[in-house]
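Hello,

Here is the structure I promised to pass on. Please open it first, then read my notes below.

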Amino acid sequence: MSERPVAVNIAELSPPDWDWVGGKFDDDPFRWVSCSGHPSSPLAKSLESKIKRPHIGRYRACWQGVDAARREHAKVIVTHEPLIAAWTGALYQVAKLDMPHLAFAFTFSNLPTGAKREALRRAYRSVDRFVCFSSIERARYAEYFDIPLEKIDMLRWCVADPGFDPEEAPIEPGPYLCAVGSEGRDYGTLFEAMRRLPKLKLVVVARPENLVGLDVPDNVVVHKNIPLSQVWNIIAHAKLMVLPARDAEVPCGHGTLLIAMKLDTPSILTESMAMTDYITPEETGLVCPPANPAAMAETIVRLWDDGKL
């Protein structure tokens, strides 16, 4: 029996967190070679913890992936996230590779401008297919990076089964509402809404950088960098979840929304074009305008009192 053809998988995170494509099916025709930007040796960890710019791990992963594709005569390259796709695409052109390149999880919290935008646009010429997670992103990226629309596919985000015991006691005493996530969030508006609701309790799970410069109200509890099982626990036992997006166009929060849906936790979202593929207002969630604490507070009270959609 001949050896299976090779597919190369490239991402910044380490398996299994980012290995979303390869080796998921019993009849998978490929042998997957994975290259990660996550440091794998003590020396690399020490070096990359001290040098933040340039992002050594990212460039290393892209170089290793392209080199592996060349040596292994790979049939396809799969990259995760747009900067990995760009650097892989640039190296792909230098190495004169000819296998297909799929750019998976192609989504930007902030679109690049100026010279960086032009550099990415050139790098993406070598990418054969792109996958993003909303129809608005599909149209936006096609125009912004001069990518033929037919080369971009939209797939809805999905989540795995809960990684926690549903019978486990809540780690936060209730009742409370919650807000979870870091990309493209506007916790300033949410905190101002909570100041108007002093009798309600909010539990936030975010990264430290999300809260820089913000004054956390007394009725808000913050968790930072906690295990995913505890995040599931907080969402599962919340009376409702709020997803405060930065503006009406930022394409972030799909995973958090779907986790809440999976756990039957009703949600409030900042009105966003990127969420039109996932939510029907008044049926599967409530929406409120961005950067409007009064409207957000009013929507929270409405859902809190109703208890369900």
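**Two threonines**

T256 sits in helix α8, which covers residues 254-262. Please bear in mind that this is a predicted model. Is T256 buried or exposed? Its relative accessibility is 13%, so T256 counts as buried, the cut-off being under 20%. Leaving out residues up to four places away in sequence, T256 touches V180, R185, M241 and L243. I also checked T256 against T276. The two are 20 residues apart in sequence. In space, their C-alpha atoms are 15 Å apart.

T265 is in a loop, the one between α8 and β11 (267-270). T265 has 5% relative accessibility and therefore counts as buried. What does T265 touch, not counting residues up to four places away in sequence? The list is I235, A236, A238, L240, M241 and A260. M241 is thus a contact of T265 and also of T256.

**The sheet**

Next, the strands. Six of them form an open sheet with parallel pairing. The order is β2-β1-β3-β4-β5-β6. Which strands stand at the edges? They are β2 (31-36) and β6 (152-154). Each has a single partner strand, so one side of each has no neighbour in the sheet. From one strand to the next, the twist averages 20°.

Look at one pair inside that order. β1 (residues 6-11) and β3 (residues 76-80) pair in the parallel sense. Four bridges join them. V8 stands opposite I77 of β3.

Helices pack on this sheet. Helix α2 (residues 56-71) touches β1, β2 and β3. The direction of α2 makes about 175° with that of β1. Helix α5 (residues 135-144) also packs on the sheet, and touches β5 (129-132) and β6. The direction of α5 makes about 165° with that of β6.

**Helix against helix**

Two packed helices are described by the angle between their axes and the distance between the axes. I have both values for two pairs.

Start with α2 and α3. Their axes come within 9 Å and cross at roughly 45°. The two helices are therefore oblique to each other. The crossing is right-handed. From α2, the residues involved are R58, Y59, C62, W63 and V66. In α3 they meet L83, I84, W87, T88, L91, Y92 and A95. Sorted by class, this contact has ten nonpolar residues, one polar and one charged.

Now α3 and α4. Helix α3 covers residues 82-95, and helix α4 covers residues 114-123. How do their axes cross? They come within 8 Å, at roughly 60°. That angle makes α3 oblique to α4. The crossing of α3 past α4 is left-handed. On the α3 side, the contact is made by L83, A86, G89, A90 and Q93. On the α4 side, the residues are K116, L120, R122 and A123. By class, that is five nonpolar, two polar and two charged residues.

One detail to look at on screen is L83. This α3 residue takes part in the contact with α2 and in the contact with α4.

Best wishes

Methods. Residues are numbered from 1 along each chain as its sequence is written. This is a predicted model: local features need pLDDT of at least 70, side-chain atom pairs count only at pLDDT 80 or more; totals for chains, interfaces and linings use all residues. Side-chain values use heavy atoms; hydrogens and water are left out. Axes are lines fitted to C-alpha atoms, for helices over the stretch in contact, and angles run from 0 to 180 degrees between N-to-C directions. Angles under 35 degrees count as roughly parallel, over 145 as roughly antiparallel, 65 to 115 as roughly perpendicular and the rest as oblique. A crossing is left-handed if the near helix is turned anticlockwise from the far one by less than a right angle, and right-handed if clockwise. Contact means heavy atoms within 4.5 Å. Ala, Val, Leu, Ile, Met, Phe, Trp, Tyr, Cys and Pro count as nonpolar, Asp, Glu, Lys and Arg as charged, and the others, Gly among them, as polar. Two strands pair if DSSP finds at least two bridges between them. Buried means under 20% relative accessible area, exposed over 50%, partly exposed in between (1.4 Å probe, protein chains only).
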